[in-house]
Amino acid sequence: FKHIDSLAVFLKNNGLKKGDVFTVFLPTTVHSIVAFYALNKIGVISNIVHPLTPPNVLIEQINKIGSKGVFVLDILALDYIQPLKTNKSMIILCSNSDFAGKIKSPFFKLYENVRILNKFNKAGLIKFKDTMNYNIELNERQSGDDISVYLHGGGTTGESKIIKLSNSALNSLSVMLEKLDEKHSPGKECSLMVLPLFHAFGLGVSMHFSLCNGFCCIPVPKFKPASINRLIKRYCVTFIVGVPNMYRKIMEQSNFAGSHLKKLRLLFCGGDFLSEQFLNYFNRTLNDYGCKSRLMRGYGLTETSSVCCTNTKEHCRENSIGKTLDGVVMQIWDEFGNELDNEEIGEFVVSAPTLMSGYFSCEHPGIYVDKSGTEWIKTGDLGYCDKDGYYYFSGRKKRMIIISGFNVYPIDIESKVQTLPFIKEVCAIEGKENKKTIIKLFISVEKTSFSSKKITEKVFAFCEKSLPRYSCPKQVTILKDLPKTQMGKIDYSKLV
């Protein structure tokens, strides 16, 4: 709380005021947690961005939302400092040494000075540690209706949007999730923050719920499966939220199994398809080492501050995504907005106190109001509900692709690649490579002197520069012409 108050006072003294926006461009570190709550305390909106976003994309996003400045980690900052300076952004430079402890801090500082800080001009940069000099308790409180954070997602229509979440939405989520927990002494149980804060589950569940409910949080800046297992064992971790691929990776490591698994108490998985086969295998392993809990499949989306429904110890059913949290209403609608009966497949729609406040700078707010005045989010996901209130996920209504729990939107990739002068048509689809989900790109080209190999190389290089790493295509196929539907549109299903 001292760190939060000190940073909040510093930011306020440097001109930030309620309603301003400031970018948190960090992996999951202590800095990112302190920054989020310090900004929130003075009513400044956190714009949380994936820390591997290319420089030109970052600048584009910053300008779009009018961000006043950026928190950036020094070991990732080399390619970003000059573009940010040119953009006249306030830059707060964070270092691992800031929170490394008295014994390790000198070694971190030596590494940072020799290997990092001497590679760019430090003039005009603010060091995070220099914001920690204010020993003042800041007694400010903001309204529940105030926007807390901007998260970047795809919206429910398959096109990328900036999602606005309020203080009330995030707090309501924490209250709902508290009912799934049991009483424990504050600080005696640990939550492993594997999901990043630019991910709604990471922000709303791994961090905010954990801190509100007395868990000691362990931030993980970079996912390394063997290291994750060591942390679980070392700190007797009891609470983890993750995506399927994360759980698969940690289970593949030789140091996964052991008696330390019996300490695990709350394990939830969402963000991607989780097979019943893997779920049973994972849970059998837990059981073999004395763990009485199970990995639970759930469902949610950024527009509802993350989780809407989940399986629990008391309510769990095979292949389902569970029952809704208390306070959440889910229905199944047809394309005309009519509620369907049990077992009928339609679109999930959600009403809850955790709904977003809308999309940033978008004609349609993304919130639908029915005749009774109830607000709903149309999720774009298909499924059904059984007679006992368990929900089942059937597929995605639009073309969104999930890679390691992150939403990838083909239209974003296509619109970027289409700017290359030799590209005639382009279509991005989901593919598989060594059982992993990847992006496959189909293109047709204008007349050019470039060879096919050269074209492919140029497309890969452009994507690496212009797109987030997880949405870069792994395969590029050149066709004379892309197949068309009877309406003259590119035939996506035929390419699949």
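Let me begin with the pairing of β19 and β20: in this predicted model, strand β20, residues 391–396, is joined to β19 by five bridges, and the two run antiparallel. Within that pairing, D381 has R396 of β20 as its bridge partner. The connection is a hairpin with five residues between β19 and β20, and G389 in the turn shows a positive phi of about 90 degrees.

Strand β19, residues 375–385, also pairs antiparallel with β16, residues 346–351, through four bridges. Here V350 is found opposite I377 of β19.

A further partner of β19 is β18, residues 368–369, again antiparallel, with two bridges. Y368 stands opposite W376 in β19. These strands, β18 and β19, likewise form a hairpin with five residues between them, and the turn contains G373, whose phi is positive at about 90 degrees.

I now turn to the open sheet. Its seven strands follow the order β9-β8-β10-β11-β12-β13-β14, and the pairing is mixed. Why do β9 and β14 each have one side without a neighbour in the sheet? Both β9 (216–219) and β14 (323–324) stand at the edges with a single partner strand each, and therefore one side of each is left without a neighbour.

Within this sheet, strand β12, residues 295–301, and strand β13, residues 306–310, run antiparallel and are joined by four bridges. V307 in β13 is the bridge partner of G300. Helix α10, residues 276–288, packs on the sheet and touches both β11 (266–269) and β12. The direction of helix α10 makes about 135 degrees with that of β12.

Note on methods: Residues are numbered from 1 along each chain as its sequence is written. This is a predicted model: local features need pLDDT of at least 70, side-chain atom pairs count only at pLDDT 80 or more; totals for chains, interfaces and linings use all residues. Side-chain values use heavy atoms; hydrogens and water are left out. Two strands pair if DSSP finds at least two bridges between them. Contact means heavy atoms within 4.5 Å. Axes are lines fitted to C-alpha atoms, for helices over the stretch in contact, and angles run from 0 to 180 degrees between N-to-C directions.
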